[in-house]
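Here are my notes on the model you asked me to look over. I have set them out as numbered points, so you can follow along in the viewer.

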Amino acid sequence: MDYVGSRFPDFGPPGPPGRELTSAKIVVAGGFGVGKSTFIRTIVENDLLTMTALPPERAGLVTELVRIQFGRVWLDPGLALHLFVAPQWQDPRAGWNDVVRGAVGAVVLFDVMRPADSVDAMRYFEDHRIPYVLALNNVHASVRSDVKAIIRGMGIAPEVPVVNCDPRVRLSVRETLISLAEHAKLDRWRRRPGPDETTPLAPVC
Amino acid sequence: MSSAADAHRRRRRVESPAEQTFADLLNGFSLDSGRKRTRGASPVPEREATPVAPQEEKPVFEPSVPESPDASIVRAYAWTGGRTRSNINLEIETLVSANDQSRQSAGILQAEHQHVVELCRSPRSVAEVAALMRLPLGVVKVLLGDMAERGLVDVHQTASAGGVAPDLGLMERVLSGLRRL
């Protein structure tokens with residue numbers, strides 16, 4: 001079996017070896033076919049990898065593996081950013097906690113035609129106090145403000161950024177991630193003392 | 001899963017709600033749940049009668065015929081001794097890399113450890129190792145945890161170890177990194 005190489009180039013950190021390394025992650029969530037994988041592929045410029053995990057409630061059945069796609073990009077010589085596709089929402093706890101625990105934040109891709117899945121994801125992130133941005137999947141400019149008004153009317157927190165995003169366009173994906181990072185930073189700053197931290201999430205094996 | 005085992009689990013949840021965290025609750029559903037609780041009364045489901053790998057190092061013989069993915073997963077659980085937890089806290093994004101010791105002893109390592117050492121010549125995350133070795137996350141965490149304890153891989157610091165949100169310094173680093181992309 002050849003695990004090395006093939007399909008996934010060996011791009012190590014650009015810095016000198018021996019440098020202190022660390023990693024962070026961002027989660028990309030949303031309904032089926034809304035462009036989660038495309039979003040990540042656009043920014044990491046590589047094929048995504050697929051990892052498998054056993055969902056907790058089905059752990060006895062080896063065949064019932066949750067597949068989780070992800071990509072990785074080096075943000076500086078010592079910092080690897082991972083972008084994980086949140087597993088489909090049908091099985092809410094399956095694989096989510098391992099993916100979400102300790103994330104910088106989340107991007108919720110929002111398909112105007114199919115809002116339900118995205119709303120579930122938003123609720124999850126709000127419950128777990130994980131900063132997120134709402135990325136409208138390429139809503140036409142003429143109706144953008146109407147759509148934003150409707151979404152605001154659904155009762156999401158006023159500080160949550162709502163942006164327009166085309167997952168196929170690198171600049172657009174980059175802008176979305178930057179608005180998430182800015183929001184997450186602000187959110188972290190607001191909660192500096194942090195008397196009660198986020199509910200600790202259990203690992204999935 | 002037998003209904004007896006389910007009932008047993010439910011009883012446990014009711015018995016000690018205070019001392020059980022959400023983590024404990026979920027872990028109760030993990031692969032080795034039956035194994036942990038055999039002392040109680042619940043019958044062991046046949047599925048979990050996987051042979052446990054012996055503790056001493058034995059050469060692993062790779063079969064010449066290609067295995068189905070399921071078979072290799074079962075085998076993988078066998079050589080983790082059925083454990084699904086590791087002593088070392090590894091997040092899915094935690095980076096690990098091979099070190100001098102593992103490179104020097106590459107020839108005498110068991111096959112799975114050798115694969116990890118090859119993969120981690122440049123730093124890889126736990127998720128990448130799991131994806132590239134085509135093994136479930138839980139197995140890879142145990143494998144990497146063992147290797148880290150034996151000094152075969154270096155585990156790099158993760159920004160958010162333990163589920164705490166990353167600190168402001170890291171947030172700033174992520175932000176400026178994204179702006180440079």
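1. A bit of vocabulary before we start: two strands count as paired if DSSP finds at least two bridges between them. With that in hand, Ala29(A) stands opposite Val108(A) in β5(A). Five bridges join β1(A) to β5(A), and the two strands run parallel. Do keep in mind that this is a predicted model.

2. Now the general layout of chain A. There are five helices and seven strands in this chain, and along the sequence they come in the pattern β-α-β-β-β-α-β-α-β-α-β-α. Of the 205 residues in chain A, 45% are buried. If you take contacts in chain A between residues at least 6 apart in sequence, 72% of them join residues at least 24 apart.

3. Have a good look at β1(A). How many of its nine residues are buried? Nine of the nine are, so to speak, under cover. In a regular strand the side chains alternate between the two faces of the sheet. Here Thr22(A), Ala24(A), Ile26(A), Val28(A) and Gly30(A) point one way, while Ser23(A), Lys25(A), Val27(A) and Ala29(A) point the other way, and all are buried.

4. β1(A) has further partners besides β5(A). With strand β4 (residues 79-85) of chain A it pairs in the parallel sense over seven bridges, and Ile26(A) stands opposite Leu83(A) there. β1(A) is also joined by two bridges to strand β4 (residues 157-158) of chain B, again running parallel. In that chain B strand, Thr158(B) is the bridge partner of Ser23(A). Mind the two β4 labels when you click around: one is in chain A, the other in chain B.

5. Which residues have the most contacts inside the largest nonpolar core? They are Ile26(A), Val28(A), Val107(A) and Val108(A), in a core of 86 residues. In soluble globular proteins, nonpolar side chains tend to be buried together. Leaving aside neighbours within four places in sequence, Ile26(A) is in contact with Leu81(A), Leu83(A), Ala103(A), Val104(A), Gly105(A), Ala106(A), Val107(A), Leu177(A) and Leu180(A).

6. Leu180(A) deserves its own point. This residue is found in helix α5 (residues 170-190) of chain A. Is Leu180(A) buried or exposed? The cut-off for buried is 20 or more other C-beta atoms within 10 Å; Leu180(A) has 27, so it counts as buried. Not counting residues up to four places away in sequence, Leu180(A) touches Ile26(A), Gly105(A), Val107(A) and Val133(A). Val107(A) is 73 residues away along the chain, yet the C-alpha atoms of the pair are separated by 7.1 Å.

7. Next, helix α3 (residues 115-127) of chain A. Its 13 residues reach 18 Å from the first C-alpha to the last, close to the 18 Å expected at 1.5 Å a residue. Asp117(A), Ser118(A), Ala121(A), Met122(A), Tyr124(A) and Phe125(A) are buried in α3(A). Those residues cover an arc of only 160° around the axis, so they sit on the same side of α3(A). An α-helix has 3.6 residues a turn, so residues three or four places apart point the same way. The buried residues of α3(A) pack against β1 (22-30), β5 (105-110) and β6 (132-137) of chain A. On the other side, Ala116(A), Arg123(A) and Asp127(A) are exposed. Just after α3(A), Arg129(A) takes a positive phi of about 55°.

8. Over in chain B, helix α8 (residues 137-149) is a useful contrast to look at. Its 13 residues should span 18 Å at 1.5 Å a residue, and the end C-alpha atoms are 18 Å apart, which agrees. α8(B) is mostly covered, with eleven of its 13 residues buried, among them Leu137(B), Val140(B), Lys141(B), Leu144(B) and Asp146(B). Just after α8(B), Gly151(B) takes a positive phi of about 75°.

9. Last, the sheet in chain B. Three strands form an open sheet in the order β2-β1-β3, with antiparallel pairing. Its edge strands are β2 (124-125) and β3 (153-155) of chain B, each pairing on one side only. Three bridges join strand β1 (residues 95-98) of chain B to β3(B), where Asp154(B) is the bridge partner of Ser97(B).

Terms used: Residues numbered from 1 in each chain as written. Chains lettered and ligands numbered in written order. Predicted model: local features only at pLDDT ≥ 70, side-chain atom pairs only at ≥ 80, totals over all residues. Helix = DSSP H or I, 4+ residues; strand = E, 2+ residues; numbered from the N terminus. Buried ≥ 20, exposed ≤ 12 C-beta atoms within 10 Å, placed from the backbone. Contact = placed C-beta atoms within 7 Å. Expected span 1.5 Å × (residues − 1). Arc of directions from axis to C-beta. Core = buried A, V, L, I, M, F, W, Y, C linked by C-beta atoms within 7 Å.
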